[in-house]
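This report introduces a protein chain to a reader who has not met it before. Please keep the sequence and the structure in view while reading.

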Amino acid sequence: MSVKRLLASAFLLLLAACSNPLMGAQPTEVIPFDALEQPQTDSEALITPSPQPFQFSLPTPGAEPITNWRPPLYPVPWAVGPYDHFYFTRPIAADQKNWPTADYRYGGIFFGRNIVHTGVDIPSPEGTPIMAAGPGTVVWAGWGLFRETPDDRTDPYGLAVAIRHDFGFNDQQLFTVYAHMSEMNVIVGQHVETGEVIGFVGSTGATTGPHVHFEVRFPSNSFFYTYNPELWIAPPQGWGVLAGRIMNEKGEPLQQMELLVAPENASRTFTARTYGKKGAINSDPYYQENFVLGDLPAGIYKVTFKYDDIRMQTWVEIFPGQVTYFTYKHEEGFTVAPPPAPELDFVPENLPATPTSVP
Ligand SMILES: [Zn+2]
């Protein structure tokens, strides 16, 4: 982001914050989402994979795409800002619906209270080719990935492939996972290039409809080290991503808070939800976000959400090919202060070809 744009964006946000009549409001005490949930023990904080983590039906599509047409994706790796890392393309071809289900994004909670979504789902017809999101070596191909038990036919991921990528992130190995395949096209040890067909969409494992469940993992190929794929897959050209952190007055991230994101011309409204309970999900090392809304056409958006029945509001600008970031802390309001300056090289690095994390 250019300095000029950054300043313009910051100014816009500050202006919006200053002129927001709700900013001075002091709502009564709020009951954190946590308190509404069942008591959490320490052992639950580090949940172990349960036998049925993904018993969900694909949600009925809401107000999602009016049209299936989107601009072509940015070439990967794509990183305009120092914090951004769009290193991957999407597992479904760009001439098809290749964006995540809006109602069940990363960190979303569907059926189980303690089960959060560790990836994104892209619904596609059975048999649709699934492509490698980046170059790398296949380190898993078959049943059993979720519990890391080869040939376990009860595994909720069904037929799944995991790839250890040729490049890493901050000296850490990067992996992507593709689950619920009907058929695989690769074997363990095989090297694949970006866009190479590694399998086909199916509904194996715990799912009620054909889709690909896609994960980004680092530094190890484990269920507990997933990150939000919407911060890793390149957006369509001219489009961007909104990320943020919504906190209570203590600075603790608020769970499952619904945000409405409406473009200036209000042609439609996007909905985002802050992440559910931590455990198997993680915030980006730099953004420390608790929600991400990908695939937003560049432009000005109004963000609103209710905090203890009082509507909070700010304006953000989405820039092409970039992440726009803001935070909200209760009683302090909105800020666009960037995360701490990165200290490490953000450029993908070539890693040794020796797999060290093969499950
Ligand atoms: Zn999924």
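Does aspartate 151 count as buried or exposed, and how many C-beta neighbours lie inside 10 Å? Aspartate 151 counts as exposed, because it has 8 C-beta neighbours inside 10 Å. The terms are set as follows: a residue is buried if 20 or more other C-beta atoms lie within 10 Å of its own, exposed if 12 or fewer, and partly exposed in between, with C-beta atoms placed from the backbone.

This is a predicted model, in which local features need pLDDT of at least 70, side-chain atom pairs count only at pLDDT 80 or more, and totals for chains, interfaces and linings use all residues. Residues are numbered from 1 along each chain as its sequence is written.

**Overall composition**

The protein chain contains three helices and 18 strands. Helices (H or I, at least four residues) and strands (E, at least two) are DSSP runs, numbered from the N terminus. Of the 359 residues in the protein chain, 42% are buried. Two residues are in contact if their C-beta atoms, placed from the backbone, lie within 7 Å. Among the contacts with a separation of 6 or more, 68% are between residues 24 or more positions apart.

**The nonpolar core**

In soluble globular proteins, nonpolar side chains tend to be buried together. A nonpolar core is here a set of buried Ala, Val, Leu, Ile, Met, Phe, Trp, Tyr and Cys residues joined through C-beta atoms within 7 Å. The largest such core has 82 residues, and those with the most contacts inside it are Ile130, Ala160, Val161, Ala162, Tyr178 and Ala243. When neighbours within four places in sequence are left aside, the contacts of isoleucine 130 include Pro91, Ile92, Tyr178, Met181 and Val212.

**Two open sheets**

Strands of a sheet pair through backbone hydrogen bonds, either parallel or antiparallel. Two strands are taken to pair if DSSP finds at least two bridges between them. One open sheet consists of four strands in the order E12-E11-E14-E15, with antiparallel pairing. Strand E12 (270-273) and strand E15 (310-318) are at its edges with a single partner strand each, so one side of each has no neighbour in the sheet. From one strand to the next, the twist averages 25°. Strand E11 (residues 258-263) pairs with E12 in the antiparallel sense over four bridges. Glutamate 258 has arginine 273 in E12 as its bridge partner, and leucine 259 stands opposite alanine 272 in E12. The hairpin of E11 and E12 has six residues between the strands.

Another open sheet has four strands in the order E13-E10-E16-E17, and its pairing is mixed. Strand E13 (291-297) and strand E17 (333-335) stand at the edges; each has a single partner strand, so one side of each is left without a neighbour in the sheet. Strand E10 (residues 239-247) pairs with E13 in the antiparallel sense over five bridges, and tryptophan 239 stands opposite proline 297 in E13.

**Backbone features**

Most residues other than glycine have a negative phi, and most peptide bonds are trans. The table lists residues with a positive phi.

| Residue | Phi | Place |
|---|---|---|
| Aspartate 151 | near 65° | loop between strand E3 (136-142) and strand E4 (159-169) |
| Histidine 180 | near 70° | strand E5 (residues 172-184) |
| Alanine 266 | near 55° | hairpin of E11 and E12 |

Histidine 180 counts as buried because it has 25 C-beta neighbours inside 10 Å.

Cis peptide bonds also occur. The bond from valine 76 to proline 77 is cis, with omega near -5°, and proline 77 is found in the loop between helix H3 (42-45) and strand E1 (120-123). Phenylalanine 218 and proline 219 are likewise joined by a cis peptide bond, with omega about 0°. Proline 219 is in the loop between strand E8 (211-217) and strand E9 (226-227).

**The surroundings of glycine 158**

Glycine 158 is found in the loop between E3 and E4. With 24 C-beta neighbours inside 10 Å, glycine 158 counts as buried. Not counting residues up to four places away in sequence, glycine 158 touches Trp143, Ala179, His180, Met181, Gly202, Thr204 and Gly205. Glycine 158 and alanine 206 lie 48 residues apart in sequence, and their C-alpha atoms are 7.0 Å apart in space.

Notes: Axes fitted to C-alpha atoms, helices over the stretch in contact; angles between N-to-C directions.
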